[in-house]
Structure formats: structure tokens, C-alpha cells
Amino acid sequence: MPISKKYDLLFIKDAKSDFDSNSQMFAKLFNNVDKVLDNAEGLKLLEKNQYDIIIKDISMDFLEGSAFVKQLKEMKPKQEVIALTALDDEGKLSEMIDLGIHFFLLTPADFDQALEAITQMELTV
């Protein structure tokens, strides 16, 4: 991503997660950031708005979260979707990779660094 380009972002957080949805890095790194605490609200915003990137926190409920990001890719195959997870399960993560879903394996302490890394990824938006 060119440093002058800031993306519009939808961040769907797991309510039980320790990732800091109030991080100042959102405003610093992204143009517009909508943050929600559940999948249903995320889907409502996705229907009404266009986002460059969707970040889904699947750190607390990997099975439900991974099913949801797969659903997002089926709905909008060209949509950039990134999953944040704490689970190191190569088999389950490879399923997401095959669908074109990017993921970050991280702890809450790595969250801001992951957001910065996302802005450096070569995305198709």
C-alpha cells in the first residue's frame, strides 16, 4: 500500500476478545473505521457501505469466526478479508488461505503492530 493511501476499514471484534478496538492506530493508519461487536451488525454495515478491508477478530471463537469469514468471502469474493487469531492450527488456517483470506496469528500485545503490517500488505483494493 502506498503510504499516502488510507483504506476504509470494517473491524468486527469478538466481544470477549482482548484486542484493543480503541487503539489510536486505527485513526492513524486508516481513513474511515467502523467498529462493531458482533457479526450481525457487521453484515448490516457491509450491506450499506463499501470497505477496502474487513478485519474479523476470531481469537475467542475460532470455529464460528472462521465460518463467518468464509461466508464473507462467498458473499463478496473480491473483498479483502483479514482474520485475527490466537489459534495456531495449520490445517484450519490453510483452509482460509485457500479462500484468499489473510490472517494474523497474534497476541493482544501484537495488535497495533499487526494493524501497521496490514497497511503494508499488497492488497487488491
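Strands here are DSSP runs of E at least two residues long, numbered from the N terminus. With that settled, welcome to a short tour of this predicted model.

**View 1. The whole chain, with five helices and five strands.** Follow the sequence and you will meet the pattern β-α-β-α-β-α-β-α-β-α. The radius of gyration is 13 Å, close to the 14 Å that the globule rule gives for 125 residues, so the chain is as compact as a globular protein of that length. Along the principal axes, the C-alpha trace spans about 35 × 30 × 25 Å. Of the 125 residues, 46% count as buried. The chain exposes about 6,900 Å², and carbon and sulfur atoms supply 49% of that area. Take the contacts between residues at least 6 apart in sequence: 65% of them join residues at least 24 apart.

**View 2. Strands β1 and β2, side by side in the parallel sense.** Here β1 (residues 9–12) pairs with β2 over four bridges. Look for L10, which stands opposite D34 in β2. Strand β2 itself runs over residues 33–36. Its covered face carries D34 and V36, while V33 and K35 belong to the uncovered one. In a regular strand, side chains alternate between the two faces of the sheet.

**View 3. Helix α3, residues 62–75.** This helix has 14 residues and reaches 20 Å from its first C-alpha to its last, close to the 20 Å expected at 1.5 Å a residue. Its buried residues are F62, G65, S66, F68, V69, L72 and K73. Seen down the axis of α3, they fall within an arc of 155°, so they line one face of the helix. An α-helix has 3.6 residues a turn, so residues three or four places apart point the same way. Turn your attention to the other side of α3, and you will find L63 and E74 exposed.

**View 4. Q79, in the loop between α3 and β4.** The strand that comes after this loop, β4, covers residues 80–85. Is Q79 buried or exposed? Its relative accessibility is 5%, and buried means under 20%, so Q79 counts as buried. Leaving aside neighbours within four places in sequence, Q79 is in contact with L46, Y51, D52, I53, I54 and K73. You may recognise K73 from the previous view, where this residue is one of the buried residues of α3.

Methods: Residues numbered from 1 in each chain as written. Predicted model: local features only at pLDDT ≥ 70, side-chain atom pairs only at ≥ 80, totals over all residues. Heavy atoms only, no water. Expected span 1.5 Å × (residues − 1). Buried < 20%, exposed > 50% of the residue type's maximum accessible area, 1.4 Å probe, protein only. Arc of directions from axis to C-beta. Pairing = 2+ DSSP bridges. Rg over C-alpha atoms; globule rule 2.2 N^0.38 Å. Contact = heavy atoms within 4.5 Å. Areas by Shrake-Rupley, 256 points an atom, 1.4 Å probe, with all protein chains shown as cover.
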